[in-house]
Amino acid sequence: MAGPHQTIIIFGGTGDLAHRMLFPSLYNLFADRLLPDDVLIIGSGRSEMDDEAFRASIDLQKSLPEDRYHPDTAADFLQRIRYSAVSGKQEEFTRLRDLVGDRLDRGVSVYLSTPPSLFAPMVEGLGRAGLSGPTVRVAMEKPIGQDLASSLQVNDAVNAVFDEDRVFRVDHYLGKETVQNLLVLRFGNALFEPLWNAQGIEHVQITVAETVGLEGRVSYYDGVGALKDMVQNHVLQLLALVAMEPPASMAPAAVRDEKVKVIRSLRAMTRETVGAHSVRGQYGSGAVGGQPVKGYAEELGRPSGTETFVALKAHIDNWRWAGVPFYLRTGKRMPVRSSEILIKFRPVPHSIFARGGKGLEPNTMIIRIQPQENIQLQVMAKQPGLDRHGLNLREVALDVSLSTEAAGQRRRIAYERLLLDLIEGDPTLFVRRDEVEAAWSWIDSIREAWDQAGQEVRSYTAGTWGPSAAIALIERDGASWHE
């Protein structure tokens, strides 16, 4: 079958993600004439309602920038949407199949915006209803399981119905412009790649910081924690893109082959090493953005050993990265919302400015992913002045602001790209099964080491950068976190 799929089914269509991200993204694609002319979008949730009630619940004007919302376009878009309730009964899947009708031959893309526990039963229901043939693809939001064993169960259940080449595992970070720009930065410029190794780079930092707390995710988050919720997917995806070998091409298999090699090369943590290479934290009461906030246990309503912050010192055991530490951290109730990668290059082998010169620092590259996307390279320059007693140096920034360079071009929601790739069948920015399972293997080694070593969570004040032990983790090596 050639061409983009002409029917889109969204399970979890009444949920928050669908209303904040998926429907606005589909609207933008529709408005830009990137969807098939006769596209049909079917929302599905547990509640019974008719098409008009479901359409009325989709508030595009609230979710879109003012300059993107056009009433006539929105009305046309909403008329393409139907609703079919599915709570798990097989007759409901059959009714959904009947709604698709002969459109099945023109391609159906199914998006599972549901709790992970529903992936297997939803896919099995689709299979029994005849919505799983070669013209159907299925996309699943992370996480895929809670550990390697459960991930294998989910993947086995999904692959029993859908071949692997029709399974699209979503990590929305891969749809962000700066994340994709990382590939271009590395492999489209002769300037950086010769230095992108243990001889040129001293260490790498990856930070994914959130200001939010539980925010209505109590039932999901407790018992899961930051390691499984953020490191296993977002953080490791960024690490893989930073550390991967050059792929032979931008073909999906070539890119994903190199990513999985990196994750398989991560050194497992043990009872003996986990104490020095990891820190677990849980936020207490404090203030974020000038507003007082409750501690995690108070939000939860009971004490808990779940971590809301984790810092790790990771090693990639291969030729390119031998001896280079990768410092990873992520947490909730941080001072700011920020996702960034810092590359610290090695210093010059000999400084000719040592006598009398001041301030010589190694070059640093900062790749900011959110909230503002840009790439900044810190280089050394001379401080203006007569310098009669030796040159005085200072760091200056070579700043590539993507918002400035792409002025006049609309910055797209990450889900727009991912939904369009799903509809068109391009799996490059989706996560393959072996990649998910390699990530879980490494995460499981940390969890097991924590249990064996009895490593407890350390308290930190909301609105700070985590426990003081996280600062010590990196400063023992003579480095410091970028803040």
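Biologist: What covers the buried residues of α15?

Modeller: The cover includes β1 (7–11), α1 (16–31), β4 (108–112), β5 (136–141) and β6 (167–170). Contact means heavy atoms within 4.5 Å. Buried means under 20% relative accessible area, exposed over 50% and partly exposed in between, with a 1.4 Å probe and protein chains only. Helices (H or I, at least four residues) and strands (E, at least two) are DSSP runs, numbered from the N terminus.

Biologist: Is this a predicted model, and how do you count things?

Modeller: This is a predicted model, where local features need pLDDT of at least 70, side-chain atom pairs count only at pLDDT 80 or more, and totals for chains, interfaces and linings use all residues. Residues are numbered from 1 along each chain as its sequence is written, and side-chain values use heavy atoms, with hydrogens and water left out.

Biologist: Back to α15. How many of its residues are buried?

Modeller: Nine of the 11 residues in 414–424 are buried, so helix α15 is largely enclosed by the rest of the structure.

Biologist: Which ones?

Modeller: A414, Y415, E416, L418, L419, L420, D421, L422 and I423.

Biologist: And what follows the helix?

Modeller: G425 follows α15, and its phi is positive, near 85°.

Biologist: Next helix, α16. What span should it have?

Modeller: Helix α16 covers residues 433–453, and its 21 residues at 1.5 Å each should span 30 Å; the end C-alpha atoms are 30 Å apart, which agrees. The expected span is 1.5 Å times one less than the number of residues. Just after α16 comes G454, with a positive phi of about 65°.

Biologist: Those two are glycines. Which residue other than glycine has a positive phi?

Modeller: R33 is one, with phi near 60°. Most residues other than glycine have a negative phi, and most peptide bonds are trans. R333 also has a positive phi, about 60°, although it is not a glycine.

Biologist: Where is R33, and is it buried or exposed?

Modeller: R33 sits in the loop between α1 and β2 (40–44). It is exposed, at a relative accessible area of 67%.

Biologist: Same for R333: where is it, and is it buried or exposed?

Modeller: R333 is in the loop between β12 (325–331) and β13 (338–345). With 10% relative accessibility, R333 counts as buried.

Biologist: Changing topic: which residues does a cis peptide bond join?

Modeller: K142 and P143 are joined by one, with omega about 0°. P143 lies in the loop between β5 and α7 (148–159). Another cis bond joins Q370 and P371, with omega about 5°. P371 is in the loop between β14 (364–370) and β15 (374–382).
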